[in-house]
Amino acid sequence: MLTNSLLRRTAAGVLLALSISGSAHAGAATGGATEWTQLLNNVQLLEQSGQGVTQINNQVTQITNQMTQIQNQLDQYRTMLQNLEKLPDNIWGQAQQDLNKLRELTQQGDGIAFSMGGLDDVLKQRFPSFEEFASGVQGGENYSDQYQSWSQTNRDTIGGTLAQAGLTAQQFDSEQSTMRELQTQSQSAVGQMQALQVGHSIASQQVEQMQKLRGLVAQQSTMMGAWYQSEQAAKDLAQNKREQFFNSTSPSTSGGQEMQPRW
């Protein structure tokens with residue numbers, strides 16, 4: 001019979017990958033963190049950043065909806081388990097897939113934060129006017145720092161939940177080993193229930209955190225839109241002045257005194 005300590009370890013093992021992970025930054029909106037520095041010219045950067053922010057905002061919404069679905073599904077598994085000795089293998093297999101999907105979605109959220117913070121840094125490097133504009137906004141917006149703060153808070157929240165189950169991120173090195181240990185050792189109703197409870201708790205936290213991330217992306221998008229508009233207005237004004245200068249005619253000499261020799 002498994003010890004309580006081992007049950008705690010294996011029950012929530014699949015969720016350990018939700019904690020701090022260097023690979024989390026690889027999970028942005030399209031499966032890999034957007035490398036804004038690879039957009040070599042400024043025109044390309046501006047075009048892609050506008051499209052990218054829109055896509056990322058949609059992706060955050062999708063992730064939030066998926067996490068809500070997983071949270072509800074885990075509730076159903078827990079209800080089923082209360083009436084059974086343990087979940088049938090096919091149902092438990094579905095639960096494992098949902099828990100693993102939760103891990104993947106969390107990594108995507110962290111990747112999005114990393115990518116959007118990177119965009120803020122690159123725009124400041126390429127466009128001094130962007131940094132001046134951002135610093136002039138009320139509160140002196142620094143989205144790079146805000147995304148880092150969000151990521152750290154998110155990881156701390158997950159870590160605290162895992163710690164309550166006697167778990168640390170270092171106990172499991174990969175998704176494969178986590179899934180393997182959960183599959184081979186969590187063969188009791190107690191182990192399954194603990195896994196579902198920890199998963200449900202983290203899913204609930206992640207829904208809240210993704211809502212905050214969506215708000216942060218929306219704020220950044222609004223600020224970038226205002227900056228784009230101000231830049232375009234400045235260009236339009238400069239173009240108008242150039243047109244006025246080159247289209248202007250020489251002052252009329254009519255009404256003046258005709259130049260004649262004076263003896």
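The legends below walk through several close-up views of this predicted model.

Residues are numbered from 1 along each chain as its sequence is written, and side-chain values use heavy atoms, with hydrogens and water left out. Because the model is predicted, local features need pLDDT of at least 70 and side-chain atom pairs count only at pLDDT 80 or more, while totals for chains, interfaces and linings use all residues.

**Figure 1. The whole protein, an all-helical chain with seven helices and zero strands.** Along the sequence the pattern reads α-α-α-α-α-α-α. Helices (H or I, at least four residues) and strands (E, at least two) are DSSP runs, numbered from the N terminus. Of the 263 residues in the protein, 40% are buried; here buried means under 20% relative accessible area, exposed means over 50%, and partly exposed lies in between, using a 1.4 Å probe and protein chains only. Among contacts between residues at least 6 apart in sequence, 89% join residues at least 24 apart, where contact means heavy atoms within 4.5 Å.

**Figure 2. Helix α2 packed against helix α3.** Two packed helices are described by the angle between their axes and the distance between the axes. For α2 and α3, the angle is about 155 degrees and the axes lie 9 Å apart. That makes α2 roughly antiparallel to α3. Axes are lines fitted to C-alpha atoms, for helices over the stretch in contact, and angles run from 0 to 180 degrees between N-to-C directions. Angles under 35 degrees count as roughly parallel, over 145 as roughly antiparallel, 65 to 115 as roughly perpendicular and the rest as oblique. The crossing of α2 past α3 is left-handed, a label used if the near helix is turned anticlockwise from the far one by less than a right angle, with right-handed used if clockwise. Sorted by class, this contact has 21 nonpolar, ten polar and three charged residues. In this scheme Ala, Val, Leu, Ile, Met, Phe, Trp, Tyr, Cys and Pro are nonpolar, Asp, Glu, Lys and Arg are charged, and the others, Gly among them, are polar.

**Figure 3. Two residues to find on α2 and α3, glutamine 76 and tryptophan 92.** Glutamine 76 belongs to helix α2 and counts as partly exposed, at 45% relative accessibility. Its C-alpha atom is separated by 10.0 Å from that of alanine 95, 19 residues apart along the chain. Tryptophan 92 sits in helix α3 and counts as buried, at 5% relative accessibility. From tryptophan 92 to tyrosine 77, C-alpha to C-alpha, the distance in space is 8.4 Å, with their positions 15 residues apart in sequence.

**Figure 4. Helix α3 alongside helix α5 (residues 143-164).** These two helices pack at an angle of about 160 degrees, with axes 7 Å apart, and are therefore roughly antiparallel to each other. The crossing of α3 past α5 is left-handed. Residues of α3 in the contact include Thr106, Gly109, Ala113 and Met116, and those of α5 include Tyr143, Tyr147, Trp150 and Ile158. The contact divides into six nonpolar, six polar and four charged residues. Look also for serine 149 in α5, which counts as partly exposed at 45% relative accessibility. The C-alpha atoms of serine 149 and alanine 113 are separated by 9.7 Å, although the two are 36 residues apart along the chain.

**Figure 5. The meeting of α3 (residues 89-126) with α4 (residues 128-136).** The axes of these helices come within 5 Å and cross at roughly 120 degrees. From α3, Asp120, Leu123, Lys124 and Arg126 meet Pro128, Phe130 and Glu131 of α4. By class there are three nonpolar, no polar and four charged residues here.

**Figure 6. The largest nonpolar core, with 46 residues.** A nonpolar core is a set of buried Ala, Val, Leu, Ile, Met, Phe, Trp, Tyr and Cys residues joined through side-chain atoms within 4.5 Å. Tyr147, Leu196 and Leu213 have the most contacts inside this core. Two or more residues come from each of α2 (42-82), α3, α4, α5 and α7 (189-247), and α7 gives the most, with 14 residues. Leaving aside neighbours within four places in sequence, tyrosine 147 is in contact with Ala113, Met116, Gly117, Leu213, Leu216, Val217 and Gln220.

**Figure 7. Glycine 191 in helix α7.** At 0% relative accessibility, glycine 191 counts as buried. Glycine 191 and lysine 86 are 105 residues apart in sequence, yet 9.1 Å apart in space, C-alpha to C-alpha.
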